[in-house]
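Please open the structure in your viewer and keep the selection panel at hand, since this tour moves from one selection to the next.

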Amino acid sequence: MKESTFMPVLNENFEVYYWSKHYQSHEWGRKPDKTSENYSEIEPLFRLHSHDAMEVLVFLGGECEFFCEGQIYSLTRGDVVIIPPYAVHKTEVSDFDNYERIVTTISESLLAEFLSISPSMSDSIIYHKTLGSYVVHLHTENLKEILSLFQEISNGIKSKRDPYSFALHYLLFRAIEMILHPASSKPTSSLSSDADQRLHSIIEYIEKHLTDPQMNLDNISSHFHLNKYYFSHYFKNHMKVPFYRYVLLKRLATAVALIKQNEFSIEEIATKCGFQDYSSFYRLFKKEYNLSPKNLQKEFRV
């Protein structure tokens, strides 16, 4: 079984991929076709992965289950999945021929700009985080308007005149604001919503202590008064990824974010992200991304 992966968004402020029977923004991407030259880019999207951007998936049709940070949702037309940066998630599709959706990724910097000019959007994100829900269901009239906005954005990008103009940023802002507005949708419960509070507490604990080098299987299982072998099985069963792998992905994702900020040396970043020494950080980073942290840093130097 292939393990989860981190897929940094390194290009534009946002990306939009629209796939339906009536409209396609790209010739590739309906399903991971091994004969496609883009297969290596598409295939990881259908196993556990994370991004350093917020991802929004508008589900339009087909049969699909969505997994995000321990919660599972059976999606129906009009559901919108709002995936925070670095959240580990995946889509399980049983019928790719009828799988229709819109996927957009929004960089953390652009999302911060949106939130700064829309307090209601910021409040909505906090509200959904409090609920612990990653999915909302759009009312029919709002779904129609969302589809129109995203098709207009896609057409603008495809025209290549000015694919990331102010006008397209504004259209995206309107779409995200509508998705997050309480009057446009209602929260959707996950299939695992009746699970005990323990998993949520474990994830919160990991987030809080992620950069602590002493945060390991022995210590976290002891903190929750569980046998480490039981804890390991429990975590993998619910999160679909081993504990050590989950922590590594989160730490490396944090390292990528710090490298992109270009404020610290690679050695300082290794320490800040909870790695015990630079050599192990370098080795794990290069193994994961097939790129050294120093070479990635060069891409963001002014």
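A salt bridge is counted here when a side-chain nitrogen of Lys or Arg lies within 4 Å of a carboxyl oxygen of Asp or Glu. The model on the screen is a predicted one, and by this rule it holds eight salt bridges.

Begin by selecting E207 and K250, which form a salt bridge whose closest N and O atoms are 3.4 Å apart. E207 lies in helix α6 and K250 in helix α9, so the pair ties together parts of the chain that are 43 residues apart in sequence. If you colour by accessibility, E207 appears as partly exposed, with a relative accessible area of 43%, whereas K250 is buried, with a relative accessible area of 7%. Add E69 to the selection, and you have a network of salt bridges that links E69, E207 and K250.

Stay with helix α9, which spans residues 243–261, and select K260 together with D52. These two residues form a salt bridge in which the closest N and O atoms are 2.7 Å apart. Because K260 belongs to helix α9 while D52 sits in the loop between β3 (49–50) and β4 (53–61), this pair ties together parts that are 208 residues apart in sequence. K260 is partly exposed at a relative accessible area of 26%, while D52, at 4% relative accessibility, counts as buried.

Next, select R245 and E288, another salt bridge, with its closest N and O atoms 2.9 Å apart. R245 is in helix α9 and E288 in helix α11 (residues 278–289), so that distant parts of the chain, 43 residues apart, are linked by the pair. Are these two residues buried or exposed? Both R245 and E288 are buried.

For the last stop, return to helix α6 (residues 198–209) and show it together with helix α8 (residues 228–239). Two packed helices are described by the angle between their axes and the distance between those axes. Here the axes come within 11 Å and cross at roughly 95 degrees, which makes α6 roughly perpendicular to α8. To see where the two helices meet, display the side chains of R198, L199, I202, I203 and I206 in α6, which contact Y230, F231, Y234, F235, H238 and M239 in α8. Coloured by residue class, the residues of this contact divide into nine nonpolar, one polar and one charged.

Note on methods:
Residues are numbered from 1 along each chain as its sequence is written. This is a predicted model: local features need pLDDT of at least 70, side-chain atom pairs count only at pLDDT 80 or more; totals for chains, interfaces and linings use all residues. Side-chain values use heavy atoms; hydrogens and water are left out. Axes are lines fitted to C-alpha atoms, for helices over the stretch in contact, and angles run from 0 to 180 degrees between N-to-C directions. Helices (H or I, at least four residues) and strands (E, at least two) are DSSP runs, numbered from the N terminus. Angles under 35 degrees count as roughly parallel, over 145 as roughly antiparallel, 65 to 115 as roughly perpendicular and the rest as oblique. Contact means heavy atoms within 4.5 Å. Ala, Val, Leu, Ile, Met, Phe, Trp, Tyr, Cys and Pro count as nonpolar, Asp, Glu, Lys and Arg as charged, and the others, Gly among them, as polar. Buried means under 20% relative accessible area, exposed over 50%, partly exposed in between (1.4 Å probe, protein chains only).
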